[in-house]
Every structure is written in structure tokens, then in C-alpha cells.
Amino acid sequence: MLIRKPAGIRYSEITPPGVYWSRRRFLAVAPASLILAGQAQAGAKLNGVIQSPFSTSEKQTPYKDVTSYNNFYEFGTGKEQPAELARNLKTVPWTISVEGAVAKPKVFDLDAVMKMAPLEERIYRLRCVEGWSMVVPWIGFPLNALIRQVEPLSKAKFVAFQSLHDTRQMPAAKWAGIPLPYVEGLRMDEALHPLAILCVGLYGEVLPNQNGAPVRLVVPWKYGFKSIKSIVKIRFVEKQPPTTWNLSNAREYGFYSNVNPEVDHPRWSQASERRLGEFFKRKTLLFNGYGDQVAQLYAGMDLRKHY
Ligand code: MTE
């Protein structure tokens, strides 16, 4: 078993309270001051990050592969293009508008996002629908920390996310071949799940632009395309929201997109995957190996139908 902490246990329950709260205070200040100093540039170190017990101990994918083999269609459809074409993306200042069916809608600046919860290193597997995978030390905090701040109304059943779409900064977006702005969605209980994080960094550093700076989602039990990058809007809604790849090709990409070796993509098998930097393929695991934590979210659902 790779995940050490059972879902549902709070950090305050495993860390002695004194240590937990003093850590919280320290962490609430450190990354924020970094941003205020205007140093939120890719490559800047993030200080005071806690190690998460949710992390896998598997071998990490080399930094170079994680940051030079990307999918970010707004910056080109080639894997090497985002590292080059997103270089000058302006990520400061940045705001995320959180709106819709909530008691307290709010526009958060980056400073507020960095202060939302203690930053944690979460070493997660991420499986791309194309058949490659990686293990990345992401830095972020549970999405549910943001959700709690805006107090969703009971009619909020889904969360819709939207990426930046700025044709001036993203000239290659014209040839993306998918509808933009990039949009994604989660069911409310998925969004509240402690494994779903808002990510602001990787490998101890501020998130590189090509990986979705300044804030992206990471949902490790779903195919990589659910992990939307460079988020500018989060909207709480009553109905299942549209998602970019489903709009682009509904037969090939469903709303749920849980990693499932038994449901093939119409054009290729999903039974195995290749880790970036490795030669041999390995078997793909249901829910990308996070089944113990997330399978109960889908109890009673036909996962062939809800792919
Ligand atoms: N988010 C936006 N805005 N645009 C994109 O093209 N690609 C998705 C996802 N998020 C994408 C996006 C896909 S297909 C994958 S596999 C992951 O980002 C890749 O994340 P990475 O480049 O950090 O590995």
C-alpha cells in the first residue's frame, strides 16, 4: 500500500496540536511573503512546505521530463512547445474568481491563495490519457480548503473550472484544435475529496508556466486532462458543467475520466502505461492506484457507461 494516511483523518489528528498550529502560523506567512516580494516567478523556491502522508514512495520522474514534455494546448500542441511558448506568461498579478451557488463569492488574489492553507508536498502519480504517466512532487493544498471559504449552497452539485484564455499571450491557441477557454469540472464530492489539490509548485519550486502557473488542479485518480492549468475562474453550479475534451469529442472523453484499465479509449488500450524516462511499460491501475481512497465515490455507478 502506497498511501499511508487513511482518507478522513485530519493532519491535526496525526500531528501534535502544538506543532500543528505553530506550523500553520508559520506556513501562512512564509509563502505569502514570497509572493508579496514579487518573487513568484517560476524557479523561485517555496519555503516551509510540509511533507504529506498522502505521498507515494515511488521513484519520481526527472524534473526535466516533467517540465519539458507537457500538454498545454493554449501554448501549442507539441509536447516541447509549452516550455518554450509559455515562457513569458504573466502570472503576477493573478486573480481567481470564485462564484456561482455560494454564500460568499470572492475574487482571490495569488497572495490570498497562497495563504489559504499550509502548503504540502504531495508526491502523486499522474496518468495521461495518451498512455504515459509520471510521479511528481507537486506542492499545493486541498481544493476543499478553498471550497470551505466560499460556503457553497446546498444546490451546488458540481464545480466548474476555467483557464486563462488570452490570445495576446497565447498566439498558438488559434491552432489548438479544441474549444477554448479550457474548461473542466468535478462533482462536488470529488472536489471535496482530500486527494484533490490546488497546485502552486513542484519539486520545491514555484510552478513553471508550462505546468500551469500560477495555480492548477491535480486530481490524481483521473486522467491528466482533468488537471486544468492556469485557473482564473471557479464556479459552483447545479448541473454537470461542460468539459473541453468532452466538447471536443464526447465519444472519446467522458465527464468522469477516472483512470480505468478496463475501459479502452476508442482508438487505443488503456491497460498499460509508460512512465516518462522509463523504457518498459507497466500495468495501469483502476483509479490510478487510488482506489482505496476514492472508489466509494462511485459505488453503484457503471464505470463503463460513466467513463
Ligand atoms: N490545462 C489547460 N488549460 N490546457 C491544456 O491543454 N492539458 C491537460 C492538463 N491541463 C491542458 C490542461 C492534459 S491533456 C494533461 S495530460 C495535463 O494538463 C498535463 O500536465 P503537465 O503538462 O503538467 O504534465
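**View 1. Glu 151 in the loop between H6 and E6.** In this predicted model, Glu 151 comes just after H6 and takes a positive phi of about 55°. That sign of phi occurs here although Glu 151 is not a glycine. Is this residue buried, partly exposed or exposed? With a relative accessibility of 36%, Glu 151 counts as partly exposed.

**View 2. Helix H6, residues 143-150.** Step back along the chain from Glu 151 and you meet the helix that comes just before this residue. Six of the eight residues of H6 are buried, so the helix is largely enclosed by the rest of the structure. Which ones are buried? They are Leu 143, Asn 144, Ala 145, Leu 146, Ile 147 and Val 150.

**View 3. Ser 257 in the loop between helix H8 and strand E12.** Here is another residue to look at for its backbone: Ser 257 has a positive phi of about 55°, although it is not a glycine. The loop that holds Ser 257 runs between H8 (244-248) and E12 (272-275). Ser 257 has a relative accessible area of 4%, so it is buried, the cut-off being under 20%.

**View 4. The cis peptide bond between Leu 180 and Pro 181.** Omega is about 5° at this bond. Look for Pro 181 in the loop that links strand E6 (158-163) with strand E7 (183-187).

**View 5. The cis peptide bond between Ala 213 and Pro 214.** For this bond, omega is about -5°. Pro 214 has its place in the loop between strand E9 (205-206) and strand E10 (216-218).

**View 6. The ligand in the second largest pocket.** There are 16 residues around the ligand, and those that come nearest are Tyr 73, Glu 74, Met 134, Arg 216 and Lys 229. Sorted by class, the shell holds seven nonpolar, six polar and three charged residues.

**View 7. Polar atoms of Asn 71, Glu 74 and Lys 229 beside the ligand.** Start with Lys 229, where a polar side-chain atom lies 2.6 Å from an oxygen atom of the ligand. At Glu 74, an N or O atom of the side chain is 2.8 Å from a ligand nitrogen. Asn 71 takes part through its backbone: a polar atom there is 3.2 Å from a nitrogen atom of the ligand. How much of the ligand's accessible area does the protein cover? On its own the ligand has 530 Å², and the protein covers 98% of that area.

Definitions and conventions:
Residues are numbered from 1 along each chain as its sequence is written. This is a predicted model: local features need pLDDT of at least 70, side-chain atom pairs count only at pLDDT 80 or more; totals for chains, interfaces and linings use all residues. Side-chain values use heavy atoms; hydrogens and water are left out. A residue is near a molecule or strand if one of its heavy atoms lies within 4 Å of it. A polar contact is a pair of N or O atoms within 3.5 Å; within protein, one must be able to donate a hydrogen and the other to accept it, and residues adjacent in sequence count only if both atoms are side-chain atoms. Accessible areas come from the Shrake-Rupley method with a 1.4 Å probe; for residues, only the protein chains shown count as cover. On a 1 Å grid over the protein atoms alone, a cavity is a set of points where a 1.4 Å probe fits but cannot get out, and a pocket is an open set with protein on both sides within 12 Å along at least five of seven lines; lining residues have an atom within 4 Å of a point. A molecule sits in a cavity or pocket if more than half of its atoms lie within 2 Å of its grid points. Ala, Val, Leu, Ile, Met, Phe, Trp, Tyr, Cys and Pro count as nonpolar, Asp, Glu, Lys and Arg as charged, and the others, Gly among them, as polar. Buried means under 20% relative accessible area, exposed over 50%, partly exposed in between (1.4 Å probe, protein chains only). Helices (H or I, at least four residues) and strands (E, at least two) are DSSP runs, numbered from the N terminus.
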